[in-house]
Amino acid sequence: MASRLTTSNRAGWGFALPGFGLIMMFIVIPFFFAFYLSLTNQRLISPNPTEFVGLSNYDRLLSISVLTIEPEVDDTGAVVRDDDGAPQYPRVRSFTRNNPDYPEYAGMREWFRWHSGDTAKVVVATDVVFWKSLRNTLMFVLIVAPVQAGLALVLALLVNQKLRGINIYRAIYFMPVVVSIVVVSLLFRFIYDGNDGLLNNILGFLSFGWFEGRDWLGNQDTALGAIKAMSIWQAVGFHMVIWLSGLQTISPTLYEASSIEGASKWQTFRYVTWPGLRNTAVLVIIVITMQAFALFAQIDVMTNGGPLDSTTTLVFQAVERGYGKQDISGASAISVVLFLIVLSISLIQRYITRAR
Amino acid sequence: MKLGMTLSAALVASVSWASMASAQTELSMWYHGAGNEVEANILNKIVEDFNASQSDWTVVVESFPQESYNDSVVAAALAGNLPDIIDVDGPVMPNWAWAGYMQPLKIDEAAIEGFLPGPLGYWNGELYSVGLWDAAVAMVTRQSTLDALGLRTPTLEQPWTGEEFQAALDVAKDSGDFEYALDLGMAWTGEWYPYAFSPFLQSFGGDIVDRSTYTTAEGALNGPEALAFGEWWQSMFVDGYAPGTSQDPADRDTGFVDGKYAFSWNGNWAALNALEAHDDTLFLPAPDFGNGPKIGAASWQFGVSSASENPDGASAFIQFALQDQYLADFSNGIGLIPPTAESAAMTENYGEDGAMAVFFDLTQAQALVRPVTPGYVVSAKVFEKALADIANGADVADTLDAAVDEINADIDRNGGYGH
């Protein structure tokens, strides 16, 4: 097999060598190194020797189970209820801390709960912060990937027209991409400021004072949404340019033909533009997805993962644990989990968008 | 003629300097204060004086920005490139000493006689680092505020009790004159949280870890005292006494001076600003929540790295730097607390009747260093997050339990940190 790769192709290998070498050194080897470290108890700094601990880092990270709690009953066997009629439950910590009857829940914390009848089902995990960051990261990807890709396509279609001065618009839309994400994050911290941030002022002005200011980044319900909006705005120009390059590879003769056939604008887009953008679409979606999984700088600058872990992400946790808390092995375990997630999602995307 | 004289003098000077330099062994030193000109000038003066005072050593200083200083030292240690003399934040020192980055100092007991306890960094019974200054925190307010609210002025002998403090916050809040009664400085993330807020916890009777063994946080950080502290802490934000974690950093810097807050929990480094704005600014001792009033201690200190081949020279420099004159210079230059009574008498602000003398007394009377353990760097982070979460409304007991578990797991994974 692959005789053309192996025989009399020294020049080819020679040209590929710098690229291969760099990829090996900075991507492949570090990954295997991270995988190895995640099986040890490696610290950032420590006089203690590094020891193999097997899968215990993953065990601590991923342990999750459901605890069923019955409501408290009084002497007569009736369920104790508060003034609103909601049943009262014993605290989760009474099961998870120093309780020999429930060894399987030792050291776990409540993530969330739901009720079936009067019984409470509590999802408890050893590392609740990890699960929250996984959820936040997935929510971020789920919103940012389609919205950013779609918005970028709309912008690309807009700036693909032959109008005078269209380059000015292209430049304007592309500008946020050129600015460092750290600077953009700092600016948006001021824009989202709860006291007299720009956003609160604008909304107050537009609604004639009806809108009362809110603390966008200080509120659990709006913090992640605010970061999503800002991230979409910041990188949309980059993907607009990729879409644009895709649009310009579509032969003008196809458009001429469709207009001769009397196709409407929508039909032209549906049957000429969109099929012509197929490869571009695959690229854009995969790139956005991978970038979104790597969400870090915005979190580090704007919220530090707060309030109440509502904006913490996997990469932020990996950095925080590895450098902040000197726990290299725990951080490596997160990196490996993240790698596996991104890998499987990329494979799924490849499968869905495969050429048929 | 004159020109010739100058030239020859310069020649002689440069030749003698060169011959001196060749005889002296070079000692490298890293410092965290890059970008602060006043600080750099004082340190450079000490270095010049030291280099001129003897013929064995020359110290060469390299400065780093504070934010990246610790990372630089850790990276250098992993790469085996540590300098001879490093400076180190007091609570971090045990971590570096335990990790083998530092060696004990070889200086005379006499040189540190009369020092406040905060600037002396002991680990395993040996002196690893000495600070040329200390820092302290006080409850900053104005006499006019106390008068308007009808409050007694607390003293070192008779600080406010927890109830008195609560009553003071209540009248300040009810007066409607202030945006918030109390400014805790929640905008300052990082080391400020454990430095400024763990003394409240200690005053309640809890602590970040159990200092009798340093092997567990159970009971210290989630016992009944700590729970009482947590409930009080949460009430500060939930009941609207203090601005929370999303406080605007600008408000932290100027809010008290602008009259937005009745009380501000702030350090001596901000004191001169407050005094310049209002003559009647007062620096009150910490309230006593039952276990005595407490404030934090220990700031940046000098130590010798384990990689140094000339620990004698490095220690000699540190001992040289401990002269009262230099201690006073640092205090005058950047407003820090001088570590001895003698040097305090030589300063503008900390001498008798000095505007900030109260900080010296506060440190002497109330200071408690942060837990002296290599695990502090991790537990400080855990503590910071727990306090931020509680301020944001998380369940107090669950949050403190989680913090205890995380600290204990970290201690376990580090084989007890050598305690």
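# A tour of chains A and B

In chain A, the centres of domain 1 and domain 2, taken over C-alpha atoms, are 40 Å apart. The model is predicted. To follow this part of the tour, colour residues 64-125 of chain A as domain 1 and residues 129-352 of chain A as domain 2.

**Stop 1: the sheet of chain A**

Select β1 (64-69) and β2 (109-116) of chain A, the edge strands of an open sheet, each of which pairs on one side only. Which strand lies between β1(A) and β2(A) in the order of the sheet? Strand β3(A) does: the order is β1-β3-β2, with three strands and antiparallel pairing. From one strand to the next, the twist averages 25°.

Now add β3 (residues 119-125) of chain A, which is joined to β2(A) by seven bridges, the two strands running antiparallel. To see one bridge pair, show Trp114(A) together with its partner in β3(A), Lys121(A).

Next, select helix α5 (residues 128-159) of chain A. This helix packs on the sheet and touches β1, β2 and β3 of chain A. Its direction makes about 70° with that of β2(A).

**Stop 2: from α5 to α9 in chain A**

Keep α5(A) on display and add α9(A). The axes of these two helices are 6 Å apart, and the packing angle is about 40°. An angle of about 40° is neither under 35 degrees nor within 65 to 115, and α5(A) and α9(A) are therefore oblique to each other. Their crossing is right-handed. Colour the contact of α5(A) with α9(A) by residue class: 20 residues are nonpolar, four are polar and one is charged.

**Stop 3: from α9 to α12 in chain A**

Hide α5(A). Select α9 (residues 220-248) and α12 (residues 278-293) of chain A, whose axes lie 10 Å apart at an angle of about 165°. Why do they count as roughly antiparallel? The angle of about 165° is over 145, so α9(A) and α12(A) are roughly antiparallel to each other. The crossing of α9(A) and α12(A) is right-handed.

To show where they meet, display these side chains:

- From α9(A): Ala235(A), His239(A), Ile242(A), Trp243(A) and Gly246(A).
- From α12(A): Thr280(A), Leu283(A), Val284(A), Ile288(A) and Gln291(A).

This contact of α9(A) with α12(A) has six nonpolar and four polar residues, and no charged ones.

**Stop 4: across to chain B**

Show both chains. How many residues of chain B are in contact with chain A? There are 25, and they meet 24 residues of chain A. On the chain B side, select α3 (66-79), α4 (93-99), α15 (376-391) and α16 (396-413), each of which supplies at least two residues. Helix α16(B) gives the largest share of this side, six residues. By class, the side of chain B that touches chain A has 10 nonpolar, eight polar and seven charged residues.

**Stop 5: the two domains of chain B**

Hide chain A. Colour chain B by domain, with 26-134 + 298-369 as domain 1 and 137-294 + 375-418 as domain 2. Their centres, taken over C-alpha atoms, are 27 Å apart. The contact takes 16 residues from domain 1 of chain B and 19 residues from domain 2 of chain B.

On the domain 1 side of this contact, the elements that give two or more residues are α4 and α14 (357-366) of chain B. Helix α14(B) gives the most, with six residues. By class, this side of domain 1 of chain B has 12 nonpolar, three polar and one charged residues.

**Stop 6: the sheet of chain B**

Finish with the open sheet of four strands in chain B, ordered β8-β9-β7-β10, where the pairing is mixed. Select β8 (180-183) and β10 (281-284) of chain B to mark the edges, where each strand pairs on one side only. Neighbouring strands of this sheet are turned by 20° against each other on average, direction ignored.

Inside those edges, select β7 (residues 137-142) and β9 (residues 261-267) of chain B, which run antiparallel and are joined by four bridges. Which residue of β9(B) is the bridge partner of Ala138(B)? Label Asn266(B), which is that partner. Last, add helix α6 (residues 162-175) of chain B, which lies across β8 and β9 of chain B and runs at about 130° to β8(B).

Terms used
Residues are numbered from 1 along each chain as its sequence is written. Chains are lettered from A and ligands numbered from 1 in the order in which they are written. This is a predicted model: local features need pLDDT of at least 70, side-chain atom pairs count only at pLDDT 80 or more; totals for chains, interfaces and linings use all residues. Domain bounds come from an automatic or database domain assignment. Two residues are in contact if their C-beta atoms, placed from the backbone, lie within 7 Å. Ala, Val, Leu, Ile, Met, Phe, Trp, Tyr, Cys and Pro count as nonpolar, Asp, Glu, Lys and Arg as charged, and the others, Gly among them, as polar. Two strands pair if DSSP finds at least two bridges between them. Axes are lines fitted to C-alpha atoms, for helices over the stretch in contact, and angles run from 0 to 180 degrees between N-to-C directions. A crossing is left-handed if the near helix is turned anticlockwise from the far one by less than a right angle, and right-handed if clockwise.
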